[in-house]
Amino acid sequence: MKSVLIIAPQEDETRLIREALPEDCQVENADSVKDALHLHRQYGFDVIFSDLKLLRDASKADTIAEAVQLFKEINPLAEVLILSSKDFIRDTVKAVKAGANGYLTYPIDPTEVRLAIESVDQSLAKNLELDYLRDQFWKPEWLDIIGSRNAGMREVFKKIRAVASTRATVLLIGETGTGKGLLARMIHMHSNRCDDPFISVHCGAIPETLLESEMFGHEKGAFTGAVRKKLGKFEMAHSGTIFLDEIGTITPPAQVKLLQVLQDGTYSRVGGEEALQTEARVVAATNADLAGMSERGEFRKDLFYRLNVFPVEIPPLRLRKEDISQIVEVFLKKLRQRHEKTIHSVHPRVLQAFQNYLWPGNIREMENLIERACILETANVLTPESFPAGIFDSDSVPAGLPAYDHLTLADARRHVIEQFERQYLKDLFVRTKGKVNRAAEDAGISSRQLNKLMVKYDIQKETFKA
């Protein structure tokens, strides 16, 4: 599922290229290089058809190489195809030597367009293989995940590549649904611990009274109901990796024990005195501002410093829209097998709606929507009718944000997040008719986390009950 940008002065030529492209292509067009670069920064196109004269006029030095490089800098894997008349074939050849990947001559022949796209498919596959497999670091089953066109995500994968083989503690920072659990598993699978256990602990989903027992185990008779000894998650992880999701929700006593583990690898079961040793590597994740929490005394500073050895910030989906078509394709591939469907693509209108939507639930929300659509769809293409109407609502595109010029970036970000969370919770409770457990499940958080947010924003569940 490729994204294509057409830069041409004539509508007829643009139309001919559009009609010759496969149905599952996401296509945009521009009549100037300036507008095209703006679109390219937003979407990171795979293929760019550009008129020779428009490309040359956009270069201050009047060199094609400089103009082509403007597009390559945004997405180094982009394939640039020159559109030119036969009268300028010599200049066109110079453009190819200067960095373009090929050319088509006017008038546009649909057959040549299709052949060019087939050639681009082969070239893109080769470039991705060279880009990511040069040193055979990435395992084949992860190639679909790491093929990002977003600069922020490419930096994330660069950091993961650097830290995976070390013993360092990693802190994954990102909004709910950005794929922190997947990245934690990626770190484990590309480490020398990949054959040892990967143990995941969702700290926010465990009741406070049981958190220590779950993480560190307990001895028989340690508390009421402890009828036998229980191994904790650290003991199960042994010399593998333990993933602590929503680390910001753990209780003060658990913070003390975790700090000791990070300092010297020792801990004891609840109700026990024996000092146990663990070789497990810790990967933690949070969607909270742990630095701010530690400053306010809500989270131990010394523990934060221990966790923050190697922080990795994951951009939300709304800031990596150039990856949407690729992510959709990955989900389709997985869901085809799971539901035994023959769906091969997504309707262009759906892809456009995905680009406009803000994705408050990030990648997890997208996966859920596509899975629902796959179950409902009867055709071989996911059509708009299989998706909620809200996805296509123009209101999902922000007209603009309030002015925060008097605030620092951090304060402005906090205000925007608080406004969003407050409205999100209200909409959530309207949909679930004030039922806390169901609302927490829909939001992908624990009831305890939801109750904290209700207190923070003074939201009463009784207001929303039918």
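Here a biologist and a modeller talk through the predicted model shown above.

Biologist: Which ground rules apply to this model?
Modeller: Happy to set them out: this is a predicted model, in which local features need pLDDT of at least 70 and side-chain atom pairs count only at pLDDT 80 or more, while totals for chains, interfaces and linings use all residues. Residues are numbered from 1 along each chain as its sequence is written, and side-chain values use heavy atoms, with hydrogens and water left out.

Biologist: How many helices and strands does the protein chain have?
Modeller: Helices (H or I, at least four residues) and strands (E, at least two) are DSSP runs, numbered from the N terminus. Along the principal axes, the C-alpha atoms fill a box of roughly 90 × 55 × 55 Å. The secondary structure comes to 20 helices and 14 strands.

Biologist: What percentage of the 466 residues is buried?
Modeller: Buried means under 20% relative accessible area, exposed over 50%, and partly exposed in between, with a 1.4 Å probe and protein chains only. The areas come from the Shrake-Rupley method. For the protein chain, the buried share is 47%.

Biologist: Which element gives the largest share of the largest nonpolar core?
Modeller: A nonpolar core is a set of buried Ala, Val, Leu, Ile, Met, Phe, Trp, Tyr and Cys residues joined through side-chain atoms within 4.5 Å. The largest one has 30 residues, of which F234, L244, I247 and I250 touch the most other members. Elements giving two or more residues to this core include β7 (198–202), β8 (241–245) and α14 (301–307). The largest share, 5 residues, comes from α12.

Biologist: Is L307 buried or exposed?
Modeller: L307 is found in helix α14, and its C-alpha lies 9.8 Å from that of L258, 49 residues apart in sequence. With a relative accessible area of 0%, L307 is buried.

Biologist: Which residues make the salt bridge that links distant parts of the chain, 143 residues apart?
Modeller: Side chains of opposite charge can pair when their charged atoms come close. A salt bridge is a side-chain nitrogen of Lys or Arg within 4 Å of a carboxyl oxygen of Asp or Glu, and the whole structure has 14 of them. In this pair, one partner sits in the loop between β6 (170–173) and α9 (180–189), the other in the loop between β12 (310–313) and α15 (324–339). Meeting at 2.5 Å, N to O, they are E175 and R318.

Biologist: Are D323 and R320 buried or exposed?
Modeller: D323 and R320 form a salt bridge, with the closest N and O atoms 3.2 Å apart. As for their accessibility, both residues are buried.

Biologist: Which residues do salt bridges that share partners join into one network?
Modeller: Here the bridges share partners, and that joins the residues into one network. Its members are E219, E235 and R269.

Biologist: Which residues gather in a patch of positive charge on the surface?
Modeller: Patches are made of residues with over 30% relative accessible area and no salt bridge, with like charges joined within 9 Å and nonpolar side chains (Val, Leu, Ile, Met, Phe, Trp, Tyr) within 5 Å. One member, R438, lies in helix α19 (residues 436–443) and is partly exposed at 40%. The patch comprises R431, K433, K435 and R438.

Biologist: And which residues form a negative surface patch?
Modeller: D12, in helix α1 (residues 11–20), is exposed with a relative accessible area of 52%. The patch is formed by E11, D12, D31 and D35.

Methods: Areas by Shrake-Rupley, 256 points an atom, 1.4 Å probe, with all protein chains shown as cover. Lys, Arg positive; Asp, Glu negative; His and termini not counted. Charge placed at Lys NZ, Arg CZ, Asp CG, Glu CD.
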